[in-house]
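Dear colleague,

I am passing this structure on to you with some notes on its strands and nonpolar cores. Please read them beside the model.

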Amino acid sequence: MKLIKNIHITKPKFLILLGLLSIACTREISDDAVLSSFSSRQEIFSDSFSSGLEYYPFVDSKFEAFSVDTENKYLGSSSMRFDIPNEGDPEGSYAGAIFRDDNGGRDLTGYNALTFWAKASKAATINDIGFGQDFGENKFQVSKRGLRLTTNWVKYTIPVPDAVKLIQEKGMFWYAEGPENGDGYSFWIDELKWEKIGTIAQPRPSILNGDDISVNTFIGVNINIADLNQTFNLGSGQDIIISSAPGYFTFASSNPSVASVNESGVVEILSAGRAVITAKLGNNQAKGSLTINSVGDFVFAPIPTRSSDDVISIFSDYYSSTPIDFFNGYWQPYQTTQSADFSINGDNFLNYTNFNFVGIQFANPTIDLTNKPNLHFNMYIPNAVPSNFDFLVTLVDFGPDKVNGGNDDTRQQLFVRKSPSIVADSWITVEFPLTSLTTKNNVGLIIFENINFSALTNFYLDNIYFYR
């Protein structure tokens with residue numbers, strides 16, 4: 001037996017790796033040796049780390065957010081401590097990491113849950129916590145989103161969607177959490193382990209959040225089946241919903257010649273026609289489906305001809321675009337707009353569905369349009385233009401404080417109303433001069449909105465940019 005400390009420097013684009021002290025038996029293994037099975041060890045952390053467990057912080061997370069605490073513990077002599085940074089902490093804006101088994105992975109087929117005891121320095125909600133993330137394929141990743149903690153020790157259970165899949169799992173545990181209302185806090189986890197629990201029941205898988213969705217699309221489009229969940233009932237009678245990776249599901253297409261779907265839940269449109277994509281998890285049919293209505297070949301948006309020196313791009317494959325905070329901030333509770341963005345032969349398109357309003361924000365940094373005071377975008381309305389089509393575009397300058405919603409914001413509203421030039425199933429070019437935006441040096445937001453009860457529900461956008 002000897003004490004080993006490993007410092008790994010690999011995959012620098014994605015992560016920072018830090019080796020932990022670990023206890024390991026070392027011996028030479030013949031090149032001809034064949035391992036008949038993987039460890040089925042139950043413990044991950046119980047006073048100390050199980051052999052081979054390594055700590056890998058996410059890039060840009062606070063490097064020293066994790067420590068071992070001997071003062072606060074549920075049982076035994078120590079616990080895992082996580083210190084979430086305050087907003088603006090120069091050492092990292094959030095805390096997040098994985099704990100990976102670097103001894104080759106574990107056979108977890110005999111367990112149906114990851115369990116642990118946890119408490120926090122204040123009532124708090126962890127953004128994401130779970131297992132199955134290994135900085136590799138993350139094929140069997142699971143996340144419990146919005147896990148609520150109290151200041152008392154409470155036992156938590158995260159069920160395994162389908163333990164049969166976990167023959168060689170390396171991702172023992174992971175989490176990601178940021179400050180709450182700008183403030184950091186601490187939480188502790190103890191007795192982190194795998195268990196076989198007899199009170200986990202009523203599995204109810206779903207895809208697309210359990211909705212039956214229909215989309216009109218084109219040959220060459222790839223669509224990811226998203227919002228994959230599994231709901232269980234725990235012994236307390238409480239339902240728990242976990243987000244599950246596509247690897248747990250088996251996908252099927254009713255018409256593979258029109259649309260095929262692979263094991264990662266990626267649908268490829270192959271020809272014109274109709275197909276319905278469904279899924280199962282184990283023996284259980286997943287709620288929700290995706291109906292594909294392929295109308296054939298896609299007509300691309302006009303290729304921009306302006307010089308890149310004359311353009312500030314928000315979204316275009318022909319120009320280098322400014323940093324974007326989001327293309328759909330999903331402003332609750334009133335926004336209904338969803339995103340179904342797609343690409344064809346490397347050309348990317350924004351697709352807004354169930355549309356009422358949506359915002360594209362670029363506040364980090366805001367942009368100065370003093371010398372490029374015109375807006376351009378291409379818009380495609382599939383099927384038909386509503387008889388009451390009325391589309392509003394709002395530009396927002398955040399003012400000197402560079403904050404959306406401050407007292408110094410200014411706006412300009414641009415109206416796109418029904419006319420002979422607004423047609424369906426063809427790319428429309430929309431251009432506006434920003435003549436009434438009183439300040440243009442801290443523009444940070446574009447809002448698209450249905451007004452006057454317009455029935456527009458679905459459209460594509462491309463080549464959104466400002467120009468001179």
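In which sense do strand β31 and β32 pair, and over how many bridges? Strand β31 (residues 390-397) pairs with β32 in the antiparallel sense, over eight bridges, where strands are DSSP runs of E of at least two residues, numbered from the N terminus, and two of them count as paired if DSSP finds at least two bridges between them. Val 396 has Arg 411 in β32 as its bridge partner.

This is a predicted model, in which local features need pLDDT of at least 70 and side-chain atom pairs count only at pLDDT 80 or more, while totals for chains, interfaces and linings use all residues. Residues are numbered from 1 along each chain as its sequence is written, and side-chain values use heavy atoms, with hydrogens and water left out.

Along β32 (residues 410-417), Thr 410, Gln 412, Leu 414 and Val 416 point to one face and are buried (under 20% relative accessible area, 1.4 Å probe, protein chains only), whereas Arg 411, Gln 413, Phe 415 and Arg 417 point to the other face and are not buried.

Elsewhere, three strands form an open antiparallel sheet in the order β16-β21-β20, with β16 (222-224) and β20 (259-261) as its edge strands. Three bridges join β16 to β21 (residues 266-269), and Asn 222 stands opposite Glu 268 in β21.

The largest nonpolar core (buried Ala, Val, Leu, Ile, Met, Phe, Trp, Tyr and Cys residues joined through side-chain atoms within 4.5 Å) has 78 residues, and Tyr 175 and Val 267 are among those that touch the most other members. A second, separate core of 36 residues includes Leu 350, Ile 367, Val 393 and Ile 428.

Best wishes

Technical notes. Helix = DSSP H or I, 4+ residues; strand = E, 2+ residues; numbered from the N terminus. Buried < 20%, exposed > 50% of the residue type's maximum accessible area, 1.4 Å probe, protein only.
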